[in-house]
Each structure stands twice: as structure tokens, then as C-alpha cells.
Amino acid sequence: MRIRTDDEVYRVDAVWLGPPKATFPWRARYVAWLIGIPIFLVVLTVERWAGWSFGFFSTAWAFVATILITRLITAKISHERPLGTVVAMAGRELNTPREKAAGTGGAVSASRIRVRAERPLPKHKRRRQYRHHAYGQGAAVSAGAQGAPRARRSRPAARAGR
């Protein structure tokens, strides 16, 4: 036994073929006309804002753009998903809260980098100065006393030419 569903009733499109005795050569659903006419006006308005002059070709391109946009929208609409549902779904998709992908570090700044007025000397040209702290002496005595640079070890003759 075969059970018939009522899907065939809903597959019939509500189509307007044009005025009596002068039908259009294409089939367009009522909802396509309802969507297409306002889209055509919006596309013409955008063309004027973009600086295109009103003429045959600009209107023809607006007509082509309207057909493409209308087909994209009506492809998402059916008897199971009407226009109001698609618009509500698009609104919810655009307004839903999203996960924040921002980092936690903040802006990068170079304010903590120390900058010296003079260029540092290479290691072999630096003059080393050391403080000698005597055990049991006060900080005032040791703070002002600067020790002499350390004695260097004798180098082999091959390196002395540097």
C-alpha cells in the first residue's frame, strides 16, 4: 500500500504569468515580485550614490543585478521556510552575541625600553670598574671608593696585535 503525502499541494508555486492574453515569457512567483521590485529600487539608488548617471546601460545592469539578488534570496525561500522566517533568521544571525577573540595583553608599548644617549662600547674596549667593599665598613665609605680596574692576564703574542 502506498501512502501519498500532501507535498504536491505545496509544490505548486503561486505564480503570476502576467496580464490575461499577454502573459510573460517567464514564470515568477508572487514572492519574487514582492522581493524584486524593492530590490530594483535599492539597486538604482545605490547606482546614483556611486555616481553612475541614469541611462539605458546603467538601468540594464541594475535589472541584471536585481535578478541575481532576487534569485539568491528566493532560493532560500520555500513553503516550509517563508520570507518572514528567513528575514528573522538573518536578523538573529547578525545580532547574536559572538565569542570575543581579543587578546588579553593590551597594546604593545616601547615605554619600558631603556635608551642611552651614547652608543655602548664593544666588550674588549670597555673599562671595567669595580667597587671594593671592606667588611665592617659603613656604606658611605664604600660608596665613594672606586677600585682600580682588574689586572689582565698576559696574552699570547698572536693576540696582542688586536
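**Notebook: surface patches, one salt bridge and a buried threonine**

I began with the surface, where Trp-52, Phe-56, Phe-57, Trp-61, Val-64 and Leu-68 form a nonpolar patch whose accessible area comes to about 770 Å² together. I note at once that the model I am reading is a predicted one.

From that patch I picked out Trp-61, which I located in helix α3, the helix made of residues 56-75. I then looked up how open to the surroundings this residue is, and Trp-61 counts as exposed because its relative accessible area is 57%, where exposed requires a value over 50%.

I turned next to charge, and found that Arg-114, Arg-116, Lys-123 and Arg-126 gather on the surface in a patch of positive charge. Among them I followed Arg-116, whose place is in the loop that runs between α4 (83-95) and α5 (139-144). Its relative accessibility is 61%, so I entered Arg-116 as exposed.

For the whole protein chain I wrote down 5 helices and 2 strands, and, reading along the sequence, I traced the pattern α-β-β-α-α-α-α. The accessible surface of the protein chain comes to about 15,500 Å², and carbon and sulfur atoms hold 60% of that surface. I also noted that buried residues make up 12% of the 162 residues in the protein chain. Of the contacts with a separation of 6 or more, 32% are accounted for by residues 24 or more positions apart.

How many salt bridges does the count come to? I found 1 salt bridge, in which the side chains of Arg-48 and Glu-47 meet at 3.3 Å, taken from N to O. As a general matter, side chains of opposite charge can pair when their charged atoms come close. I then checked the cover of each partner: Arg-48 is partly exposed because its relative accessibility is 30%, whereas Glu-47 has a relative accessible area of 5% and is therefore buried.

My last entry returns to helix α3, in which Thr-74 lies. Is Thr-74 buried or exposed? With a relative accessible area of 15%, Thr-74 is buried, because the limit for that word is under 20%. I also wanted to know which residues Thr-74 is in contact with, leaving aside its neighbours within four places in sequence, and the list I wrote down is Arg-29, Val-31, Ala-32 and Ile-35.

Notes: Residues numbered from 1 in each chain as written. Predicted model: local features only at pLDDT ≥ 70, side-chain atom pairs only at ≥ 80, totals over all residues. Heavy atoms only, no water. Patch = residues over 30% accessible without salt bridge, like charges linked within 9 Å, V, L, I, M, F, W, Y side chains within 5 Å. Areas by Shrake-Rupley, 256 points an atom, 1.4 Å probe, with all protein chains shown as cover. Salt bridge = Lys/Arg side-chain N within 4 Å of Asp/Glu carboxyl O. Lys, Arg positive; Asp, Glu negative; His and termini not counted. Charge placed at Lys NZ, Arg CZ, Asp CG, Glu CD. Helix = DSSP H or I, 4+ residues; strand = E, 2+ residues; numbered from the N terminus. Buried < 20%, exposed > 50% of the residue type's maximum accessible area, 1.4 Å probe, protein only. Contact = heavy atoms within 4.5 Å.
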